[in-house]
Each structure stands twice: as structure tokens, then as C-alpha cells.
Amino acid sequence: MKKHNKIDTFNEFWPEYLRAHASPASRALHFAGIVLSLAVAAALVSCGMVFFLVLAIIPAQLGAYLGHKLSPRADKISDEHPDWAAFADAKMFVLALTGRLSDEMRRVAVPAPAHAG
């Protein structure tokens, strides 16, 4: 990471993004939003309503919004780099879908969530 906490590349952004999304509940809301957006997009395309395809982003945005309410740090980092955040959401989704997200979080030293009990 560069001095003054300035992030200049996606490779510097990615570990910070994952740390900001350490909450499993936050990640679950992102995941659910993306799945719903993909379902809406598929339904719109299958019905020939391609003009309304832009509406398919709403569930993903809602999932991210709710997830960021659980992790305010995620909101801050996503606001600073919305383009990288969108790409990182997709990358996190694919890693979760393929079962590699836990390994990636360990690789970039994301702290494990505290267990209640």
C-alpha cells in the first residue's frame, strides 16, 4: 500500500475491498442481490423486454446498499472507487460461487469474523 493510504490500482484496492466486506452477512446480501439481478436480467431477455434490462441492476444495488449498512467501511471504499467496486463485487461473487473466496480472504489477511457465544 502506498503512503497516505492512497489507492492507485485495482490490485491495491482489492485487499481493502475484501477487508471492508469481512462481514459474512454483508457478503450474503451482495451475493443475493447479484443473483436476483441475474434472474431479473434473464427473465427480461427471455420475455423480449430488453429495453428494461437496465432495471436488472436494482436488486444488486439494493443488496450492496443493505450490505454496506452492516459494514460502513465498505460504503466508504466503494464510494471512493465505484468502478473498481463494481468489478470487485463481480470478482467476489465468482470467487464465492466457485468456493475460493475463503482462500482469497486468507491470502489478503482478512480477519475472521468474531463468533458470538
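Author: First, a term: on a 1 Å grid over the protein atoms alone, with a 1.4 Å probe, a pocket is an open set of points with protein on both sides within 12 Å along at least five of seven lines, and its lining residues have an atom within 4 Å of a point. This is a predicted model, where local features need pLDDT of at least 70, side-chain atom pairs count only at 80 or more, and totals for chains, interfaces and linings use all residues. Residues are numbered from 1 along each chain as its sequence is written, and side-chain values use heavy atoms, without hydrogens and water.

Reader: Which residues lie nearest the centre of the largest pocket?

Author: The lining has 21 residues. Sitting nearest the centre are A60, Q61, A64, A86 and D89.

Reader: Which helix gives the largest share of that pocket's lining?

Author: Helices here are DSSP runs (H or I, at least four residues), numbered from the N terminus. α2, α3 (57-70), α4 and α5 each chip in at least two residues. The largest share, seven residues, belongs to α3.

Reader: How many residues of α1 are buried?

Author: Buried means under 20% relative accessible area (1.4 Å probe, protein chains only). Helix α1 spans residues 10-20 and is mostly covered. Among its buried residues are F10, W14 and L18. Out of eleven, the buried count is nine.

Reader: Where is confidence highest in the protein chain?

Author: Confidence is pLDDT, given for each residue from 0 to 100. The chain's mean is 88, with 91% of residues at 70 or more. Confidence is lowest in α4, at a mean of 82, and highest, at 95, in α2.

Definitions and conventions. Buried means under 20% relative accessible area, exposed over 50%, partly exposed in between (1.4 Å probe, protein chains only). pLDDT is the predictor's confidence in each residue, from 0 to 100.
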